[in-house]
Every structure is written in structure tokens, then in C-alpha cells.
Amino acid sequence: MNKLLCHKTTEREIHKRTYSQVPCGELTADTLQLWNDLPDEIKKDPSLEQIRQKCEELGDINNVENGDKKAKFTINNDPILIPNNERDEFLIQDHENSEVHSSPQDRKKHEQSKKTRYYIKMSFLLGFWVFFTGVFLTYNEKVEIFKTSAVIPGNINNYTLNTLNADAISIKINGPFLSARDERNLNSSEYASADKMVVWLEGDEISQPWYIALSNNLNYNTGELRCHIFHLNKTSYILKLRTMASSVTAFKLSFDLNPLDGSTGVIYAIFLLFVLYVLIIFEIINRTMAALLVSTTSLAALALVGERPSLPELISWLDVETLLLLFSMMILVAIMAETGIFDFLAVFTFEVTKGKLWPLVFLLCIITAVLSTFLDNVTTVLLMSPVTIRLCEVMDLDPVPILMFMAIYSNIGGTATPVGDPPNVIVASNKAVIDAGINFTNFTAHMSVGVVFIVLQTTLQIKYMYRDVNKLRLTVPREIQELHHQISIWRRAADSLPHLSNGVTVVRDGLERKIVKLNKQLKTMVKERNKRACPKDTFKSILVELKGKYKIRDKGLLIKSAVAIIFVVTVFFLHSIPDLNRVSLAMTALLGAILLLLLADRMDIEPILHRVEWSTLLFFAALFVLMEALSKLGLILYIGGLMEQVILKVDESSRLAVALMLTIWVSGTLSAFVDNIPLTTMMVRVVVSIGTNPKLNLPMSPLIWALLYGACLGGNGTLIGASANVVCAGVAEQHGYKFTFTKFFKVGFPIMIGHLLVCSVYLLICHCVFEWH
């Protein structure tokens, strides 16, 4: 062997000379003793060849060669015996690779604790069931009877009311009246000259009169519902009405005794939201069951205050447009998945990005954002989720964080256009918003500029949050694991050497040089891995393998699916043209689904229906009911009232800035915790009310942009904040990957805060500095 070392110069010899330049004369008996106690894996390393040869010359070669001998060395002066042939024993981590043996008493305590938690959980849930079941059995549905009548000029209509046990009465009148908003917009002279109906109560005392401004167009086919609450002294009253108009005024009249107190309703609403989030965050029960439980409890709360809805009214609370759109697109995606198109697109994306990690991730996200500007973002997520999941499975990436990114980008892209996100559709179709001059063109112009800045902010924030790309992977590669393992062995061996003599220092220096070399190798390997989703040297072979494995399976069905999708997308575009806007988005998607079912010519559609996310649809239905119940309990109007009060207290020159900040942050924060579809339905009324209030004198359009930025982007804060998030989670669970509320919150909420900060700066510059409006 010495001959070979002397006469044959190889690459290995040059390599070991670099890391083992130790004069043989420095080795001592102490060095020999320590060398014998080191593990075989270290002693046989080429970089320590010269030391090993010298120790062999000094003696006791047998102890070095004995692979079964246990190597003894110390860590922090504590001796540890380790088998040489078990290298995994060197990788010591706290509380890992050790089996914890619990005593029978501990196991019994654990089982008892588990039973206790189960009984507490079931008692809590069954308590809710008993509560709302008992309420439904004892409280009737609210039956509102309107009395149709008319007031003749010069006459007073009298109606006797049985109010002996009432503290208040709510009078509802439907007739040819101005809305409360339009009436508030009248200046003092216009209000004084307007014809009015006067309503008051007479009993032991006379109440303050309620004046209702009449519309100039006395259209009796359509009326405006106006409400007013009179406070009573628990005596009988007579309701009196007269008109100041010169013609007969017809109306429909109804009343409620002891109407819901606003503060009490708000407390109920906050409690219900709190319970919903406790059930979802701590995963006490499935999120769909949690939404069903809390929404049913909200109906019981309404019943307690005399507002229990009838079944037809309850059905009217459901946003059938959204539910039908989701169902139809799920059918389309289910059939398209059979063609293999999603697998093919996954391989194509991998090929275009050449296996580089961040380009791969952000290409998927940007495609999703761009599609969401023209398609509804829920539709986009349904189309892109299977592609993303398949690609992640192929590349050994964790689909959950990448799906979260995709849902976030879909909400961002959907913010740019009136058809991209359900809240945009709700706001863009509002009559007051249309009257304010907001159309498809200026909507897209104002919103898309801000969206560009938000995309940049989100990209930078995601890269920072996931600067450790191992968070995006399911496993650490075997090569990196092996290298970490080797470094651990060498480091522990170096740390085990005591400070005894120069000979020991010689060995330690050799070990340290080896550790430096391994660390450099690890750094290079990790740097390369952080850039790529797969190693560069295996990219081509993996690509060939993927192309052979993931092909289009049914080209005929793919062509039929393309026809249906092109039809749906085309009509979606036409939806933005007023003259061609005769079919809703949901109806368009349903027509496309029916077309594809006909073209596919399936005798059995059960397999397709099995792929529909029924739990997601049920979750949305429960949320719609809950949000409408919270609205009836007064939560949204309470928040709007607070906003108006705050704005009124601010100096007139600063009101626009304060109104913009309040609108975007209130709607954004609420949208994170309340689904943004029903929230937008309520908040658009609040914003229109603020924008048309003559006391505030604020422009409407900036407030609308602030509401949309808040409602659309605030949905990125939590799992149930936006429809796209919930749909994405449903698709992931169908493929075996679980989204948790907490996991999404940790990623989405910081990004949402970044969204709102960027939008706040953008709106202030555009509308307070340059006055774009």
C-alpha cells in the first residue's frame, strides 16, 4: 500500500494532500490513543490517510481494523459508547430516534384525558343542537301582514294598536316614497317643498311625527319600503297618517311590537362569529359542519327576537348565482380531468421553466392571476388546482403552500376587472354605482394599476417568507441528508477530542479541514437545489420520463371540452357588453356544462357527480344564511354607522383620506373573517350611503375602489375569507392534501396586511394628491 502511495499519483492522492498535510513526527502516544477511539468512518476517510498510516506504524493495527469494536469518545466530557457499524447512531438530535415508553398509569391518564375532551366537545355541540331545536319547536315563523290602504288629501287615517305590553313598535310602510338615501340628499329648500306623508302615534301622549318624502313619480306598481321605530309607554296607541300631497297616496302598512334592539343584535352576531371561528380554527369539527351548526343557531337567535324567517325567505338568502356557477364549473372540470389535459399542462410548465423552482411557482401563479382577470376567480382556481397538484406530485413538492399562493394570486387578479371576482360583480351591477358613472373601462383602469403594485409586493413577500425553500418540499433529498449526516459525524468527532497535547491538535486540525470541505460541498448543493425543482443533471431524463407517462388520454373528449370552455369564456367576455348582457355568469357556466355533458354522451353521469365538491357548496350555502342573519341582527349597519360617525368628526379637508382608510381597512379586515360575497352585498350599501351623504360631501368612485380593494384582497387573510380559498381547499382535500385554517392564516394574513398597506398608499396618492377622480 505504501508503494502505491509513493509511486502512483492519482486524483484521489492529490485531493487528500490538500486536506492532510500533517508532519508524521508530530504524532505521539496520546494521538495514537485518541485515534483508536475514533469511529471507523472517520479513520478510513482519505483526507486522514497520512495520520492513519502513521498510527498503523506506531502499533495496534488490530484495534483499528476491528469493525465490531465500539468506539468510545466523549461529548462535553461525558463518555458515550457507539457501535462503529451503525452510523445513524452518530446523528443525535434532541428527542429524536428514541422511543418513549410510558407507564400504564400514564397511558391510563392519557386515555382518560382523551375521553374527557370528547365528552366536553360532544356536550358543547349537542348543547347547540338542543338550543336551536328547542327554539324552533317553541317559536313560530314570523308572519308579516301588510294592510293595503290609501290616504285622501285632507283626511287622517286612524288605526288602533294593541300596544299594552310593548316598549317599542316598528312601523313599516311601502309606497311611492323616496328612499332614505335620496331623502337625505335633498337640500333644505327641496325637502321643505317636497310632498310628504306624516305618521305619528296618539295615546296618553303624542309622539314626534315621522315625515316621509313622496316621490314625484307616484308609481303604485313599485314602492319603497320605509321603516321607523316609535318608543312606547305600555299603553294603547292610535296610529295616524295624513298626506300633504294633492292626490290620493296608496300604501301598504305593517308593524312589529318590541323590535330587535340594535345593541343586543350586535352582541348576538359577534358571539356567533366567535363560535364559528373557534370551531374552524381549532378544527373541533369539519368546517362545513361548523358553518351549518352556527348558521342554524343564528336562525334560532332571530327566532328569539321575533324575526324567525320562513323557508321561502331562507332560500332567498342563498346566493344562487354563486352556487350555480360553482356547480357548473365543477362539472366542466370533472369531465376535462378525464382527458389528461391537466397532467399534460403540468409537464409543459415544467419544461418551459426548465425545472427551476421559483420560475415554476410564479409562472403558475401569474397564469392564475391573468386568467382571473377575465374569468371568475373561482372558475380559474377550479381549472388550475388539478394542474398544480399534479405538477407538485411529479416534482416531490408540497402542493399545499403552492395552492395557497395560487388562491392568493387568483384573488389579486380577480380584483382588476368587474367580472374577475364575485364582489366586483356585486358592486359593478349596483344601480347607485352605475349612476355614479362607473363602467367596465374606468373600473379596469383604476383597479388594474393598483393590482400591478400588489403583484410585486406579493411576489417579494412570498419569496421572503419562503426563503428556506425546503418548506415547499415534501422531503429533503437523500444526497443532502447524507451530507448533513457526514458533517454531524465529523463535528462530533472533533468536539470529542480533549486538549491534551500537540498530537491531539494535529488530529483536530485534520478533522476541521474535512468539516470545512463538507460544508462547502453542502452549501453548493443547497444553493443549486434552492434554484431548481429538480437537479440539473437529471432534468432531461425526468422530462422524457414525464412526457412518456403523462399524455393526453382522450383527444376526442379534449376537443369537446375545448368547445364547451371556449363557449363559456366567450360569453363571459360578452357579459361586459350591456347590449349582450342577457345571460348571467352562472347561467353561462350551466349552459357550458350541459353542452359538455351532451357532447361527452355518457349513459352514466354518477362518476362525474361524485367529483362535485358538495361539501364546498354546502359550506357556501351555510355562510350565505349566516351572513344574512348577521345583517338582520344589525352587525353590518352598526359598523357602517360607526364609520359615518368617525368621518363626520374629522376636518372636511381630511375627510376623503380618512374615509378611504376606514373603508379599505374595515372592509379588508372584515372580509378576512367573513366571506366577501355577502359582506360586499352589505358593505356596498354602507359605502353608497357615505358617498351620497350631503353632510360628508365625498366623491363616490374613490370609496368604491377602496371597498373593492378591501373586500377582494382582504379575502386573502383567512381560509374562509374568499370563495377561491374555500374552493381551492376543497380540491386539495379531494386529492388527499389538507388545508388547515391556521396554516393558511400564517401565510395569508401577513400578505393581506401588505396588500392593504400598498393599496392605502396607492389610493391616497391617486385621490388625495392627484385627485384622479
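Patches are made of residues with over 30% relative accessible area and no salt bridge, where like charges are joined within 9 Å and nonpolar side chains (Val, Leu, Ile, Met, Phe, Trp, Tyr) within 5 Å. A salt bridge is a side-chain nitrogen of Lys or Arg within 4 Å of a carboxyl oxygen of Asp or Glu. Accessible areas come from the Shrake-Rupley method with a 1.4 Å probe, and for residues only the protein chains shown count as cover.

Before you start: this is a predicted model, in which local features need pLDDT of at least 70, side-chain atom pairs count only at pLDDT 80 or more, and totals for chains, interfaces and linings use all residues. Residues are numbered from 1 along each chain as its sequence is written, and side-chain values use heavy atoms, with hydrogens and water left out.

**Exercise 1. Find the nonpolar surface patch that includes F453, and say where F453 sits.**

Step 1: Pick out V449, V452, F453, L456 and W772, which make a nonpolar surface patch of about 460 Å².

Step 2: Place F453 in helix α20, residues 440-465. Helices here are DSSP runs of H or I with at least four residues, strands are runs of E with at least two, and both are numbered from the N terminus.

Step 3: Check the cover. F453 has 43% relative accessibility, so it counts as partly exposed. The scale goes like this: buried is under 20% relative accessible area, exposed is over 50%, and partly exposed is in between (1.4 Å probe, protein chains only).

**Exercise 2. Get an overview of the chain.**

Step 1: Count the elements: the chain has 33 helices and 10 strands.

Step 2: Look at burial. Of the 773 residues, 48% count as buried.

Step 3: Look at the outside. The chain exposes about 38100 Å², and carbon and sulfur atoms supply 59% of that.

Step 4: Turn to contacts, meaning heavy atoms within 4.5 Å. Among contacts in the chain with a separation of 6 or more, 80% come from residues 24 or more positions apart.

**Exercise 3. Work out how the sheet containing β4 is put together.**

Step 1: Write down the strand order. It's an open sheet of 4 strands, β4-β9-β6-β7, with antiparallel pairing. Two strands pair if DSSP finds at least two bridges between them.

Step 2: Find the edges. These are β4 (157-161) and β7 (210-213), each pairing on one side only.

Step 3: Zoom in on one pair. β4 and β9 (residues 237-243) run antiparallel over 5 bridges, and Y159 has L239 in β9 as its bridge partner.

As a reminder, strands of a sheet pair through backbone hydrogen bonds, either parallel or antiparallel.

**Exercise 4. Compare the surroundings of H755 and L472. Is each one buried or exposed?**

Step 1: Locate H755 in helix α33, residues 741-769. With 0% relative accessibility, H755 counts as buried.

Step 2: List some neighbours. Leaving out residues up to four places away in sequence, H755 touches several residues, including I408, I454, Q457 and N716.

Step 3: Now go to L472, in the loop between α20 and α21 (478-495). L472 also has 0% relative accessibility, so L472 is buried.

Step 4: With the same sequence neighbours left out, L472 touches L357, W358, L397, D398, P401, F405 and Y466. L472 and V400 are 72 residues apart in sequence, yet 8.5 Å apart in space, C-alpha to C-alpha.

**Exercise 5. Trace the salt bridges of E338 and D256.**

Step 1: Start with the total, which comes to 10 salt bridges.

Step 2: Take E338 and R602, whose side chains meet at 2.4 Å, N to O. E338 is in the loop between α13 (320-337) and α14 (341-352) and R602 in the loop between α25 and α26, so this pair ties together parts 264 residues apart in sequence.

Step 3: Add R611, which meets E338 in a salt bridge at 3.6 Å, N to O. R611 lies in the loop between α26 and α27 (614-632), so this pair ties together parts 273 residues apart in sequence.

Step 4: Move to D256 and K142, which meet at 3.1 Å, N to O. D256 is in strand β10 and K142 in the loop between α7 (104-138) and β3 (147-151), 114 residues apart.

Step 5: Widen the view: K142, K172, D256 and E307 are linked in a network of salt bridges.

**Exercise 6. Which loop holds N258, and what is its phi?**

Step 1: N258 lies in the loop between β10 (249-257) and α10 (262-281).

Step 2: Its phi is positive, about 50 degrees, although N258 is not a glycine.
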